[in-house]
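This report describes the fold of a single protein chain, then its aromatic pairs, and ends with one serine and its contacts.

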Amino acid sequence: ITVLLHSRYQLLLSLMVFDELHGLCKHREKGQVARKAVAVLEEALNDDTISVLTSSGTILGSNHSDVSETRGSYESNDDVILDSVRNLSSQTGREFRNAKNELQVYRTVVFLTNDSNLRVKCYPLHIAVQTIQRFVESAKLKAETKK
């Protein structure tokens, strides 16, 4: 993740993921790891390395502490996360049919997840998706070496 935080790409974190991590902080077994993750993300939010993405596709800056995401009519938190990416993708990309009536899809947003079920759900929604490792490799991002 550190490689991504120091790259040329704009990183967005779903508000639902952020809320899930905050909830896990109270968990007995997963709490310590969740607290570390939240600390890294809070620091990245404060220095504008990443921003928060709502389910409507709205990008929030570091001043998001009074906002939280609810599942509402969604069946799962994954559905909220997918909707966030889908809404942003439709706002920033484009889709059209060519002369052969084939769908052409152009995206400027890539959803990064290691969750195979989420990746499968992306395909029929025309959401560009990759695993984090695959994206790091294809974007030729390199870890910073500490001196």
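## Fold and aromatic pairs

The protein chain has 6 helices and 7 strands. The model is a predicted one. Read from the N terminus, the order of elements in the protein chain is α-β-α-α-β-β-α-β-β-β-α-β-α.

Of the 147 residues in the protein chain, 33% are buried. The accessible surface of the protein chain is about 9800 Å², and carbon and sulfur atoms contribute 48% of that surface. Among contacts in the protein chain with a separation of 6 or more, 48% are between residues 24 or more positions apart.

How many aromatic pairs does the structure hold? There are 2 aromatic pairs. One of them is formed by Y9 and F135, with an edge-to-face arrangement. The ring centres of Y9 and F135 are 5.1 Å apart, and the angle between their planes is 70°. The assignment as edge-to-face follows because 70° is over the cut-off of 60 degrees. This pair links distant parts of the chain, as Y9 and F135 are 126 residues apart. Y9 sits in the loop between α1 (2-5) and β1 (11-14), while F135 belongs to helix α6 (residues 132-138). Y9 has a relative accessibility of 30%, so Y9 counts as partly exposed. F135 has a relative accessibility of 10% and therefore counts as buried.

F96 and Y106 also pair: their ring centres are 5.9 Å apart and their planes lie at 15°, which means that the pair is stacked. F96 is in strand β4 (residues 94-97) and Y106 is in strand β5 (residues 103-106), with their positions 10 residues apart in the chain. Both F96 and Y106 are partly exposed.

The table lists the ring residues with their relative accessibility.

| Residue | Relative accessibility | Class |
|---|---|---|
| Y9 | 30% | partly exposed |
| F135 | 10% | buried |
| F96 | 31% | partly exposed |
| Y106 | 40% | partly exposed |

## A serine in helix α4

Is S89 buried or exposed? S89 has a relative accessibility of 1%, and because buried means under 20%, S89 counts as buried. This serine lies in helix α4, which covers residues 77-92. Which residues does S89 contact, leaving aside its neighbours within four places in sequence? With those neighbours set aside, S89 is in contact with R107 and V109.

Definitions and conventions: Residues are numbered from 1 along each chain as its sequence is written. This is a predicted model: local features need pLDDT of at least 70, side-chain atom pairs count only at pLDDT 80 or more; totals for chains, interfaces and linings use all residues. Side-chain values use heavy atoms; hydrogens and water are left out. Helices (H or I, at least four residues) and strands (E, at least two) are DSSP runs, numbered from the N terminus. Buried means under 20% relative accessible area, exposed over 50%, partly exposed in between (1.4 Å probe, protein chains only). Contact means heavy atoms within 4.5 Å. Accessible areas come from the Shrake-Rupley method with a 1.4 Å probe; for residues, only the protein chains shown count as cover. Rings of Phe, Tyr and Trp (its six-membered ring) pair if their centres lie within 6.5 Å; planes under 30 degrees apart count as stacked, over 60 as edge-to-face and the rest as tilted.
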